[in-house]
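Got your viewer open? Let's take a short walk through this model, one selection at a time.

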Amino acid sequence: MSATGLRPPRNRADPRAVPWWTVQWLILMVPVAGAAVAAYWMFTERALWLGVVAGVFAAGCLVLAVVGPRASYRVERWEVTDQAVYTRKGWLTHTWRVAPMSRIQRVDTARGPVQRLFGLADVTVTTASSAGAVKIEALDHEVAAELAERLTAITQATPGDAT
Amino acid sequence: MSAAARPLPGPATGPISGPISGPVGEPPGGPDDGWRGLAGRSPWASGVKSLAIVVAAAIPLARFLVGRDWPAGGIVAACAGAAVLIVAVVVAYDLLRLRTTRWRLTHERLELRSGLTTRQHRSVPRDRVRSVDLRADPVRRAFGLSVVKVGTGEHAADGSELVLDPLSRRDAEALRRTLLHQDAAEEPADGPLAELSWSWIRYAPLSVWTFTGAAVVLGALYKVLDSFGAKRLTTRVATGAWEWITAHPLVAVPLLLGVNLAVGVLGAVLLFAESWGHYRLEREPGRLRLRRGLLTTRSLTLEERRLRGVEITEPLLLRLGGGARVRTIATGLGKAADDETEDAAALTPPVPRALAVRVAARVSGTGLPSLAPHPAAARRRRVVRALVTTAVMAAGAALVPWDWARGWVWLVPAVTLAYGMWLAVAGAASLGHALGPRHLVARRGAVVRRTVALDRRGIAGWTITESLFQRRSGLLTVSATTAAGRGHYDVVDVGRADGLDLAAHAVPGLLDPFLIREGAS
């Protein structure tokens, strides 16, 4: 009886990804937590048990914003070989994606406004399939540019019409 | 070279110059020559079709004038005037459109210049032409006309097709043959892959629409009558009917259901007849050709180079009746146009299952291998899901605060349980996968069971997902991404080792570097 599994890809995201993701989560979570507390303060009769619920909810949001990025950083990995792009992501649901070089149609790098402050960039590899885009998140922007260039070069050297 | 400024020469500029004669495939000498018009009979067809608008316009007009106490003669005159005006406008527009539209076929490309106000010049290289589809509604057919759509097999964005609306039927057929490099004499060698047998019409009513369609039609009719101002009449009829139903429920309800069913069956049968009459699926060298349509005839071509597999779909009712349908998985297939009754990927109407399997096998080139079932954990997962849903429903039902609901609310979790368990068992029984010599085969679905045979060369990558619960039961979902069809086809809840082996063998070398195999080598 053999146990077959997928090995994790070799590379992690850039360590600066953790603060970047934390900022992203906080941008989302602080208003949510704030809204919960504000709603409790303004629209209820400030019952104690409700206050505890609201407080726990707000604290949970903030803890999630701190823990989530670290968990993602542990899980998110990527690897590029001469044959394929290979990524893993997902914390509860693991998702592995493999895209062969011969099917890659487009390589994009993207940098959001906050992301730029951290010097990070995403690389998105698109195949002919509408479902097959592979995204490598939070790379150092120079590494990302290099990677995109390398991928483009390999893709052009690989024969096939990519469908 | 400006497309707009130059006067366009052409043999057929008048409205009744008859069919264009001369060989289509022979482009004349000079580069500026060979421009030709569309079929000159088109305005006649448009005129006949505009009568529908005339009817739609005349009825409200007549009603309006009756309301104003016009004399009968005046009403008739006004309606006749409106009719003449409408027909004249439509015919004049069509004449103008015809005069400004020119097309030509050179050795390299098919070109089309068109547009009354905005001039367009479109050109398609002949070696890029992938499909030539002909379509003729009953009016155009009576005038011997066909609309020709030339597709290049690009991802079918808007306007990627070049449309010649209309050509004479002979020209259209000739153009089709020329563009697809086919001699008239060349007939498919081994007969059609499938041809209509009217006995298939027994499968036509096996659809949800049979039971709901009549109600939908009735609703639509009500709307239409309303918009014609017959509101008082429809309201009176509806109120009368409602009173009668409440007075005699034992007679009325079965009768209504019976009528609903009868209308639904009749509608389904008529729709089947219109969509699939004269149905014929043939293999021509390098492509499939599908012809169908009783009143509006359609001829569709699909290059086999674009074919990435086939799919057998069995919706519940059809499955219970022993039927199935075959669809293609192909790249660059557009969505069906709004006025189409079938989507572009449909290869067959509902047919007996054995025939569907045979057609699928012949289209894909190999027989379908027998499928391996998925582990018992897949069924357990579905049963647990059904039980959890039932438990949530039951908790909800227990908490319902309203007294009037207490009597029957327990029915909700009971029905949920029965339906959920059926879904779980049927869904698990449907699961299966296999690796054929050329295809990856996967089956799933409780309500609509789909068996997909995806060409292994068409697989453009893998997405493998494993949820928390899947991980605990040793299952995962292997999804093959592809450029064709829905974009990805999934093998759901397959055993971990089986699924990874399947993916590794389906596309040799792609997944292997990322696999760890322990135990056996």
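Start by selecting residues 94-100 of chain A, which form strand 5, together with strand 17 of chain B: these two strands pair in the antiparallel sense over 5 bridges. Keep in mind as you look around that this is a predicted model.

Zoom in on that pairing and click on A:Trp96. Which residue in strand 17 of chain B is its bridge partner? That would be B:Ile464.

Now widen the view to the whole contact between the chains. Chain B puts in 30 residues, and chain A puts in 28 residues. To see where chain B's side comes from, select these pieces of chain B, each of which supplies at least two residues:

- strand 17, at 459-466
- strand 18, at 475-482
- helix 14, at 496-506
- strand 20, at 515-518

Which of them gives the largest share? Strand 17 of chain B does, with 7 residues. Try colouring the side of chain B that touches chain A by residue type: you should get 14 nonpolar, 11 polar and 5 charged residues.

For the last stop, stay in chain B but move to helix 1 (residues 42-67) and helix 2 (residues 72-100). Their axes sit 8 Å apart, and the helices pack at an angle of about 150°. Angles over 145 degrees count as roughly antiparallel, so that is how helix 1 and helix 2 of chain B run relative to each other. Their crossing is right-handed. Colour the residues where helix 1 of chain B contacts helix 2 of chain B, and you'll find 20 nonpolar, 4 polar and 1 charged.

Terms used: Residues are numbered from 1 along each chain as its sequence is written. Chains are lettered from A and ligands numbered from 1 in the order in which they are written. This is a predicted model: local features need pLDDT of at least 70, side-chain atom pairs count only at pLDDT 80 or more; totals for chains, interfaces and linings use all residues. Axes are lines fitted to C-alpha atoms, for helices over the stretch in contact, and angles run from 0 to 180 degrees between N-to-C directions. Helices (H or I, at least four residues) and strands (E, at least two) are DSSP runs, numbered from the N terminus. Angles under 35 degrees count as roughly parallel, over 145 as roughly antiparallel, 65 to 115 as roughly perpendicular and the rest as oblique. A crossing is left-handed if the near helix is turned anticlockwise from the far one by less than a right angle, and right-handed if clockwise. Ala, Val, Leu, Ile, Met, Phe, Trp, Tyr, Cys and Pro count as nonpolar, Asp, Glu, Lys and Arg as charged, and the others, Gly among them, as polar. Two residues are in contact if their C-beta atoms, placed from the backbone, lie within 7 Å. Two strands pair if DSSP finds at least two bridges between them.
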